[in-house]
Amino acid sequence: MLRFIVRRGLLSLLILFLAVSLMFGMIHMVPGDPATVMLGPKATPEMKAEFSRRLGLDQPLAVQLGRFYAGLARGDLGEDPFTNREVTVIVWEQLPYTLVLVLVAIGGASLLGIPLGCFSAIRRNSLLDRLTAVMSVAFIAIPSFVVALYLLLWLAVKWRWFPAMGAGESGNLADQAHHLVLPAIALGLGWVGYIARMVRASMLEVMEENHIRTARAFGLPERTVIVHYALRIAMLPTVTILGMGIGTMLSGALFAEIVFSRPGIGKLLYEAVLTRNYPIVMGSVLVTTGFFVLSTLASDIINAMLDPRLRERQGSGE
Amino acid sequence: MSRKEPQNWPGISRRSFIQKSSLVLTGLAVTGVPEISWAVHGDTLHVRNYQDLTSLDSVSSLSAAEGIISAAINQNLLRFKPDGTWDTQLDAAESFEQIDETHYAFRLKKGQLFSNGYGEMTADDVKFSFERMVDPAMNALNRPDMGPLSHVDVHDRYSGTFVLDTPYAAFIPVAVAGPSGEILSRKAVTAVGGRFTTEPPCSSGPYLFKSWQAQRKTVLVRNPQWTGRKPDFEEIHVYAMPDPKTAEMAFEAGELDCAWISVETVEPFKQNMPDNSSIRVLPSGRNYWLGMNQENPALTDIRVRQAIQYAVDVEAVVEAAWFGLAKVSNGPIPEGMVGHRDSALIPPKGDPEKARQLLSEAGVELPLRLRMDVNSDSLELTAVQVMEWSLRKVGIEVDIRPQDNSTFLTIGREDLGDQWRDVQLFMQSFTGLADPYYSLTWFTSAQLGIWNWERFSSEEFDRLSDQALATTDPAARSRMYRRMQDLMEESGCYRFITNSVMPQIYRNTIKPAFRADGYTMLREIRRPGSGS
């Protein structure tokens with residue numbers, strides 16, 4: 001298992017390095033002058049030149065990238081040229097908002113999607129199954145921002161059950177949880193359908209397998225057969241998808257952060273790209289890519305824990 | 001072996017679950033769910049700001065988003081009146097007078113305290129605040145606002161004199177009453193290393209800076225040491241909300257008291273106004289125009305540029321993009337400011353026949369194909385589409401090239417390569433200040449390849465620009481600025497569109513106050529009936 005984790009970890013680092021380097025090149029190749037945007041119209045050409053020098057933008061791209069990694073090795077992602085605050089501080093300030101949103105959204109989607117998928121598989125072709133199928137497709141098909149807008153219109157504007165903006169008062173957990181409901185629903189609703197379809201398909205496949213038939217032949221309670229034998233195996237592809245889902249949601253959280261005016265890493269990155277605030281862009285990209293890679297790694301490890309065959313295969317280097 | 005059916009939960013059958021849940025839902029529907037109100041109230045005012053803060057220090061603050069907040073926590077010697085004009089009134093100063101063309105004397109009110117124990121405001125603080133703006137070592141972004149300010153002579157604890165090298169007509173509205181003229185405490189700023197960004201070391205205005213949370217809000221609290229009229233709110237929460245749609249929803253949800261909204265939502269709001277609310281469509285300081293790069297080979301012939309001027313139906317553009325809320329512009333200088341022109345040289349509706357005639361005289365083979373760069377903003381995209389329609393009627397086909405703001409801002413820059421040579425038509429906008437010089441300063445020859453993307457160059461214009469800035473007689477200045485706008489229009493490089501509007505929605509539980517350019521004046525917002 002350890003060997004498996006080490007191998008996966010090294011591969012993740014390589015992916016992270018490639019993704020961040022690629023992003024570094026891409027963002028720097030987009031036309032636009034950070035000095036013009038950041039310093040405003042009154043800045044003199046000398047001020048702009050000095051600004052570019054301070055950011056290292058007068059150096060070749062390879063040198064800039066080298067400096068970025070050298071800083072990273074020291075735990076220094078540079079300073080926000082707007083506010084002169086450390087990028088690490090800015091990114092770590094915003095990250096918890098997005099992480100909580102994503103985890104609640106994916107957690108909620110799993111709590112709904114897994115039982116729905118399970119019931120659909122157990123009651124195949126029943127009314128519940130058909131209803132779940134229709135709802136799942138509808139949830140997947142409706143764009144998240146449309147869900148967000150309707151949630152806002154009905155639950156925040158019309159009925160005022162939930163707040164329309166912000167993330168709640170710092171230190172007030174109940175208020176923060178209340179502010180989390182609508183964005184989490186908007187972000188996670190599509191995943192409910194996706195997870196339900198995924199679990200249903202896997203369950204149907206697993207339920208036909210010999211070990212399930214054997215378990216039933218031994219007279220094990222149906223609930224035990226389903227939860228302990230079938231669902232455990234059926235969850236394997238779902239765990240992989242959830243791992244990817246967390247990573248995708250980290251970047252997809254942007255729309256929820258904009259529509260609900262929430263702070264977060266997505267909004268930070270979006271605004272930084274618009275203003276060509278390279279240090280913030282790179283800090284945000286590094287963190288989101290890092291979490292993407294980490295969540296994928298975690299799903300691989302969980303899969304290996306759930307499925308001994310995978311563990312053995314990886315351990316033997318196959 | 002038969003498949004075992006899943007067991008029901010103890011005591012709950014499917015039928016009883018459906019029955020019970022239906023009962024609960026019906027009950028809720030009949031009695032109604034208690035409405036939780038998020039609206040404002042009490043002693044806290046909730047206001048939208050259109051972007052987050054970057055710096056509240058006058059040397060480096062860049063936008064009105066910062067000015068809105070810093071004006072509430074700092075004092076100037078003079079401040080703008082909350083009556084929608086650029087007229088000024090005394091603020092920290094007990095008196096302020098112009099001695100001659102290059103000297104201005106001031107006397108501070110006594111007993112005005114900086115917060116956080118930084119003591120009383122003195123003439124030395126005024127000297128510090130202004131001289132750091134012109135200190136080359138500070139590299140102040142807002143240095144141009146100070147014009148030819150040389151130094152400040154301090155006479156005693158409360159009085160002093162500003163000394164200018166040459167006359168500067170914008171000294172009062174831009175340097176003294178604008179955000180660059182905010183008075184900071186020498187001790188406090190020195191204690192934090194000479195400059196700051198989002199955490200001011202102290203305040204002296206009616207409100208104090210309490211906290212700033214990135215991408216969320218800035219919180220101001222009532223200043224207990226304030227000696228002037230007591231502010232009406234215990235706290236002001238200023239939310240950073242770049243998206244106007246989000247702000248509109250938040251207002252409807254009752255979470256904001258005042259918000260700048262987009263022009264397209266004014267009419268729907270008026271049709272279905274949220275309870276106890278009003279809308280005011282205010283003039284804006286943002287000037288929009290269609291620019292033409294006269295050095296591009298397709299546009300070197302002035303008759304072609306003039307044909308474009310005559311082809312564009314500005315009334316239709318303003319009607320479509322600003323929903324008829326804004327007025328057609330006669331030039332960069334807005335109404336109510338020295339130098340505003342009562343009419344443009346070219347009629348707002350244009351003259352397609354004359355446009356065709358000019359194209360014919362220029363020997364242009366039709367259709368003439370041109371590119372038009374524009375910021376990818378929905379309002380501007382609508383505007384250029386109407387222009388495209390106008391131009392097509394005279395045989396000019398336009399390829400619209402929307403670009404994100406950061407890219408767009410570089411298209412005419414000479415120092416970034418040769419891309420400026422390819423620029424043909426573009427829709428551009430600038431925000432003005434409280435003095436006309438700022439609206440026209442971007443079109444001088446010194447700005448060629450910087451902000452003057454039209455490559456407009458006129459000796460007379462440059463001379464008048466310098467003269468008008470050094471002339472303090474309003475009538476003479478007005479003549480000069482009107483002439484300068486005539487020159488711009490005569491060059492064929494510009495088709496003025498509008499000075500735009502800024503719609504603000506607010507609760508009737510407050511008495512809002514706005515500057516002449518539509519921005520909120522936080523410190524002047526009152527409760528109805530609380531006096532002016």
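**Close-up views of a two-chain model**

**Figure 1. Where chain B meets chain A.** Here 40 residues of chain B are in contact with 43 residues of chain A. Keep in mind that this is a predicted model. Two elements, α6 (244-252) and α12 (405-408) of chain B, each give two or more residues to the side of chain B that touches chain A. Which of the elements gives the most? That is α6(B), which puts four residues into the side of chain B that touches chain A. Sorted by class, that side of chain B has 17 nonpolar, 14 polar and nine charged residues.

**Figure 2. Chain A, a chain of helices.** How many helices and strands does chain A have? Count them and you get 13 helices and zero strands. Follow the sequence from start to end and the pattern simply reads α-α-α-α-α-α-α-α-α-α-α-α-α. The C-alpha atoms of chain A fit a box of roughly 85 × 60 × 35 Å along the principal axes. Chain A has 318 residues, and 42% of them count as buried. As for who touches whom, take the contacts in chain A with a separation of 6 or more: 73% of these come from residues 24 or more positions apart.

**Figure 3. Two helices of chain A side by side.** This view picks out helix α1 (residues 2-29) and helix α12 (residues 278-306) of chain A, whose axes come within 9 Å and cross at roughly 155°. Angles over 145 degrees count as roughly antiparallel, and α1(A) and α12(A) are therefore roughly antiparallel to each other. The crossing of α1(A) past α12(A) is right-handed. On the α1(A) side, the residues making the contact include A:F4, A:I5, A:R8, A:G9 and A:S12, and further along A:L16, A:V20, A:F24 and A:I27. On the α12(A) side, look for A:Y278, A:V281, A:M282, A:L286, A:V293, A:D300 and A:A304, among others. By class, the residues in this contact split into 18 nonpolar, four polar and two charged.

**Figure 4. Zooming in on A:L116.** This leucine sits in helix α5 (residues 87-122) of chain A. Is A:L116 buried or exposed? It is buried, because 24 other C-beta atoms lie within 10 Å, and a count of 20 or more is what it takes. Setting aside neighbours within four places in sequence, A:L116 is in contact with A:T132 and A:A196. Look for A:R200 too: 84 residues separate A:L116 and A:R200 in sequence, yet their C-alpha atoms are 8.0 Å apart in space.

**Figure 5. Chain B, with helices and strands.** Stepping over to chain B, you'll find 15 helices and 18 strands. Its C-alpha atoms fill a box of roughly 95 × 70 × 50 Å, again along the principal axes. Of the 532 residues in chain B, 50% are buried. Among contacts in chain B between residues at least 6 apart in sequence, 69% link residues at least 24 apart.

**Figure 6. Strand β10 of chain B and its partners.** Five of the six residues of strand β10 (residues 235-240) of chain B are buried, so this strand is largely enclosed by the rest of the structure. Strand β1 (residues 44-49) of chain B pairs with β10(B) in the parallel sense, over six bridges. In that pairing, look for B:V47 opposite B:V238. Strand β9 (residues 217-222) of chain B also pairs with β10(B), but in the antiparallel sense and over five bridges. Here B:V221 stands opposite B:E235.

**Figure 7. A five-stranded open sheet in chain B.** Running across this sheet, the strand order is β15-β14-β16-β13-β17 (chain B), and the pairing is mixed. Which strands stand at the edges? They are β15 (396-403) and β17 (494-498) of chain B; each has a single partner strand, so one side of each is left without a neighbour in the sheet. From one strand to the next, the twist averages 25°. Helix α11 (residues 378-392) of chain B packs on the sheet and touches β13 (286-292), β14, β15, β16 and β17 of chain B. The direction of α11(B) makes about 165° with that of β15(B).

**Figure 8. One pairing inside that sheet.** Strands β14 (residues 368-375) and β16 (residues 425-431) of chain B run parallel and are joined by two bridges. Look for B:D373, which stands opposite B:F426 in β16(B).

Terms used. Residues numbered from 1 in each chain as written. Chains lettered and ligands numbered in written order. Predicted model: local features only at pLDDT ≥ 70, side-chain atom pairs only at ≥ 80, totals over all residues. Pairing = 2+ DSSP bridges. Axes fitted to C-alpha atoms, helices over the stretch in contact; angles between N-to-C directions. Contact = placed C-beta atoms within 7 Å. Buried ≥ 20, exposed ≤ 12 C-beta atoms within 10 Å, placed from the backbone. Nonpolar A, V, L, I, M, F, W, Y, C, P; charged D, E, K, R; others polar. Parallel < 35°, antiparallel > 145°, perpendicular 65-115°, else oblique. Left-handed = near helix turned anticlockwise from the far one by under 90°.
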